[in-house]
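Colleague: I'd like a close look at one strand and whatever is packed around it, told as one connected story rather than a list. Please start from the strand itself and work outwards.

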Amino acid sequence: MQGTINKDYNKDKCEVNSKKYNQVKKEIGICNLSSIQKITVYGPGAVDLINHYSIRDISRITDNAFYTILMKNKYFIDEVMIIKLSQLKYLIITNEANKIINMFKKIKRKFPMVTIDDTTKLYSLFSFHGEKEAEYFSKITSSFLYRVTQQNYDYHIIIASSVNKYHILDYFLNNGFFEINLEMRKIFLYNNNVITNLKNIKRKFRLNTYITIYDCDNYKFKVKIRILEIKQFESTINNLIVDGSNIYNSQGKCIGYVHNHFRLPNKKNPYILGIVRKFLCEKIALVKHNKVETIIKEYNVY
């Protein structure tokens, strides 16, 4: 796997991001996700068609908004959000719309009553983050409002007509919400141990990681379980960290690897999201890249 090198933020930009991030963390931020691609799957057989590729059996899920992973022959396609608009109509939010549409159409002959459409331009989508968002939205009832769990991170979303996109954004900004971009949203995901770039997970960890972060109840994707966990670490020094580097315990045994690394505002040393063997990991570990060794320690942001 080709690694990505961690670079320091521009100082002025970091100070601006730091101030805004700390404000949003204590309040509520709104992120406009309307540009993300969307697919509508509807008609008798829609559930069965999606289940052909989903590691979760969506017929068993009681929530109206949820995440799952779509796979084809045990190859990762995308981590998608699915919104149940009605008993026969599902909206799939994805970064791989063309690939998924083509994949669905190849087996559509088995589901002749199902219609598949690219509806990216029809819907607007917003996500909300911050310590006060759960309390705020617990008092609101709306057919456009959903609570969704991405891996183990709960937050609210609003899905509505694209015609109302700017009206929705203006409404919340006028009510004291902070507008955040995709990069700041990623910090909230990282802080809540959400693994991104799932397609880049090392092969020997791949299926077990997917099963770890989502309850896999689709028999097609069952594998022998290797117990893994997603752990957050802080580097003890400001060393270069490369995604894909191995993580070792105190006995020198390789127990996992660095999947993502990132920096938090006002923090000097990088943070790491590692995928590790659950019962072999300790609070102190070691990352090796070429001849550079970096001691890392377990860390919880919240």
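Modeller: Here is a walk from that strand to its partners, then to the core and the open space beside it, with a few stops further out.

Bear in mind that this is a predicted model. The part I'd pick is strand 4, which spans residues 75-86.

Take its partners in turn. On one side is strand 3, residues 65-72, which runs antiparallel to strand 4 and is joined to it by 8 bridges. If you want a place to put your finger, go to Lys72, whose bridge partner in strand 4 is Tyr75. The two strands make a hairpin with 2 residues between them. One residue in that turn, Asn73, has a positive phi of about 55°.

Now follow strand 4 along to its other partner. Strand 5 also pairs with strand 4 in the antiparallel sense, this time over 5 bridges. Here the pair to look for is Ile83 and Leu91, with Leu91 standing opposite from strand 5. This connection is a hairpin too, and 2 residues join strand 4 to strand 5.

Ile83 is a good handle on the inside of the protein. The largest nonpolar core has 47 residues, and Ile83 is among the three that touch the most other members, along with Ile69 and Tyr210. As a rule, nonpolar side chains in soluble globular proteins tend to be buried together.

Tyr210 takes us to helix 7, residues 203-213, where 8 of the 11 residues are buried. Tyr210 is one of those buried residues, as are Phe205, Leu207 and Ile211, and the list also includes Arg206 and Asn208. What lies over them? The cover on the buried residues of helix 7 includes strand 3 and strand 4, as well as strand 11 (228-235), strand 13 (254-262) and strand 14 (271-277). You can see some of this in the contacts of Tyr210 itself: leaving aside neighbours within four places in sequence, Tyr210 is in contact with Ile55, Ile69, Met71, Phe76, Leu198, Lys199 and Ile201. There is also a second, separate core of 25 residues, with Ile39, Ile50, Leu70 and Val114 among its members.

Strand 4 has another job to show you, as part of a pocket wall. The largest pocket holds about 640 Å³ of space. It is lined by 23 residues, and those closest to its centre are Asp78, Glu79, Asn95, Gln150 and Thr196. Strand 4 provides the largest share of the lining, with 5 residues. Strand 5 (89-94) and helix 6 (182-191) each supply at least two as well. By type, the lining splits into 12 nonpolar, 5 polar and 6 charged residues.

For contrast with that open pocket, look at the enclosed space elsewhere. The structure holds 1 cavity of 30 Å³ or more, and the space inside comes to about 30 Å³. Leu240, Val242, Val287 and His289 are among the residues lining this cavity. Strand 15 (284-289) gives the most to that lining, with 3 residues, and strand 16 (292-298) supplies at least two. The cavity lining divides into 5 nonpolar, 3 polar and 1 charged.

Two single residues are worth a stop before you rotate away. Glu133 sits in helix 4, residues 133-137, and counts as buried because its relative accessible area is 4%, under the 20% cut-off. Beyond residues up to four places away in sequence, Glu133 touches Glu27, Ile28, Phe128, Arg147, Asp154, Tyr155 and His156. Pro112 is the opposite case: its relative accessible area of 61% is over the 50% cut-off, so Pro112 counts as exposed. You'll find Pro112 in the loop between helix 3 (97-106) and strand 6 (115-118). The C-alpha atom of Pro112 is 9.1 Å from that of Gly43, a residue 69 places away along the chain.

Last, another set of strands to set beside strand 4. Strand 1 (residues 29-32) pairs antiparallel with strand 7 (residues 123-129) over 4 bridges, and there Cys31 has Ser127 as its bridge partner. Strand 1 also pairs with strand 10 (residues 178-180), but in the parallel sense, over 3 bridges. In that second pairing, Gly29 stands opposite Phe178.

Terms used: Residues numbered from 1 in each chain as written. Predicted model: local features only at pLDDT ≥ 70, side-chain atom pairs only at ≥ 80, totals over all residues. Heavy atoms only, no water. Core = buried A, V, L, I, M, F, W, Y, C linked by side-chain atoms within 4.5 Å. Buried < 20%, exposed > 50% of the residue type's maximum accessible area, 1.4 Å probe, protein only. Contact = heavy atoms within 4.5 Å. 1 Å grid on protein atoms, 1.4 Å probe; cavity = no way out; pocket = protein on both sides within 12 Å on 5 of 7 lines; lining within 4 Å. Points joined across faces, edges and corners; volume = space filled by probe spheres on them. Nonpolar A, V, L, I, M, F, W, Y, C, P; charged D, E, K, R; others polar. Pairing = 2+ DSSP bridges.
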